[in-house]
Structure formats: C-alpha cells, structure tokens
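Colleague: I should be grateful for some guidance on reading a structure that is new to me. May we go through it feature by feature?

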Amino acid sequence: MKKAIPLKEYYYDKSLHVQTGQANIITYPDSLHHNPYEPTPYTALEALFAEYELRYGSQVVDFGCGKGRLSFYLHHYHRVAVKGIEMDQVLLDEAKANLRSYLQYAKNRGCTIQFLDCLAEDYRITPEDTHFYFFNPFSVTIFQQVVYHILASVEDVKRKVDLILYYPNVEYENFLGSDTIFTLKREVVVPGLIEQDSRERFLVYGLE
C-alpha cells in the first residue's frame, strides 16, 4: 500500500508547485561519510522561523539540499537568496525540475535560487553566503572541512554568519564547542515532535 502523504507536506508542496517528499529512500552504501536523503519536515521549518529571523540581504547555503525543499520555502516565505549543494545527480535533477515548476509561479524575483552539483567540501564559500544549513548530510569529518572553509571565508571578508543544525549530531556539537570560535546562540524545539524524540530541535551557532 502506498504511504499517505501528511496533509501539511502535501499543502506546502502544492502551494509551492514542487514535489519534495521522500518518495524513495536514497542511500549511499559505499560511503561511510554520506547519509540518506530526508527532507526537513515543514512543521520543523515553521517552528524554526517562528523564533528565528533571517537578516535582510541574507544568503542561505543548504548542504545536502536534496530536492530543494528548504530553498523554495525560504525563497517564497522569507524572500532570501538560497543555494542548494547536492552531490547526488538524481536528487539534483529533481531539484532543478522543481525549480522550473516553482519559477512559473514565483513572485519573489529579487532573490535567486541556485542548485550546484558538487561535494560540500569542494564548494567555495562566497562573501555573500551568510547562513549555512545542515540536516546531518554527512560525517563530522566532512562537516569539519566545510566549517573551516566558512571560517577562512569570514577571515577574508568580515561578516556575521550563522550555522543552523537540524536534528543535531552530537559529534557536530562537540566539534563546534571545542575546536571553533562558533558559539551557541539559540535552541528551537519542534513542538509535537520533541516529545517523542529529543533530537527534534534546531541549534543555531554564530560568530560574535
């Protein structure tokens, strides 16, 4: 029997003219560093952005963007520029197909959406990148490389940057707390989900 799509997931995808659900599970059995694709629930995104505001002129980078759910949500509801980084060609093709559909109806033309085909550790951080989103897309080894690239970029071009972790990995937390100058600014729990799973929360780290 085909699994029913939760009503909220269906509503958001339909209103954005995209298909970002997890219709099939994509795994990477030959890699110790890359985790299966899973989109952030819309319920969780609602909880985060009810308490956390993106600054004007922000540009968000989503590492392991999958089919692009976060990009479309932020572009439409928060009017910011977004980049999705994805190494899987099947997911990237779906993200680009979603983008074509989304842009037929999008009213926010002042900000861009881009989907880039590359490994996270190969992505070159730009001075315009200010927020970096992670839903446990890869091992802490890759996460460390990405964070060091972010810090190097900030050293070159001074600016405020935030790291947003959903369903946080304790190895990510330990690394940020012990080996970087990032500090924990905010914790946002997801009502209705946190009661069953203590990891259903967001951690936002920033540079002061």
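Colleague: Is C111 buried, partly exposed or exposed?

Modeller: Please keep in mind that this is a predicted model. A residue is called buried under 20% relative accessible area and exposed over 50%, with partly exposed in between. C111 has a relative accessible area of 24% and is therefore partly exposed.

Colleague: What is the relative accessible area of C65?

Modeller: For C65 the value is 6%, and this cysteine is buried.

Colleague: How many disulfides are there?

Modeller: The general idea is a distance test: two cysteine sulfur atoms must lie within 2.5 Å to count as a disulfide. In this structure the count is zero.

Colleague: Why does C65 form no such bond?

Modeller: The closest cysteine sulfur to that of C65 belongs to C118, and because the separation is 9.6 Å, the two are too far apart for a bond. For C111 the closest cysteine sulfur is that of C65, at 18 Å, which is also too far for a bond.

Colleague: Let us turn to the fold. Which helices and strands make up the chain, and in what order do the elements run?

Modeller: The chain has six helices and seven strands. Read from the N terminus, the order is α-α-β-α-β-α-β-β-α-β-α-β-β. The radius of gyration is 16 Å, close to the 17 Å given by the globule rule for 208 residues, so the chain is as compact as a globular protein of that length.

Colleague: What share of the residues is buried, and what share of the contacts joins residues 24 or more positions apart?

Modeller: Buried residues account for 50% of the 208 in the chain. Among contacts with a separation of 6 or more, 74% are between residues 24 or more positions apart.

Colleague: How should I read the surface of the chain? What area is exposed, and what part of it do carbon and sulfur atoms supply?

Modeller: The chain exposes about 11000 Å², of which carbon and sulfur atoms supply 52%.

Colleague: Finally, the backbone. Which residues that are not glycine have a positive phi?

Modeller: In general, most residues other than glycine have a negative phi. Here N136 has a positive phi of about 45 degrees, and Y167 has one of about 50 degrees.

Colleague: Where are N136 and Y167 found?

Modeller: N136 lies in the loop between β4 (131-134) and α5 (140-156), and it counts as buried at 12% relative accessibility. Y167 lies in the loop between β5 (162-166) and α6 (170-179).

Note on methods. Residues numbered from 1 in each chain as written. Predicted model: local features only at pLDDT ≥ 70, side-chain atom pairs only at ≥ 80, totals over all residues. Heavy atoms only, no water. Buried < 20%, exposed > 50% of the residue type's maximum accessible area, 1.4 Å probe, protein only. Helix = DSSP H or I, 4+ residues; strand = E, 2+ residues; numbered from the N terminus. Rg over C-alpha atoms; globule rule 2.2 N^0.38 Å. Contact = heavy atoms within 4.5 Å. Areas by Shrake-Rupley, 256 points an atom, 1.4 Å probe, with all protein chains shown as cover.
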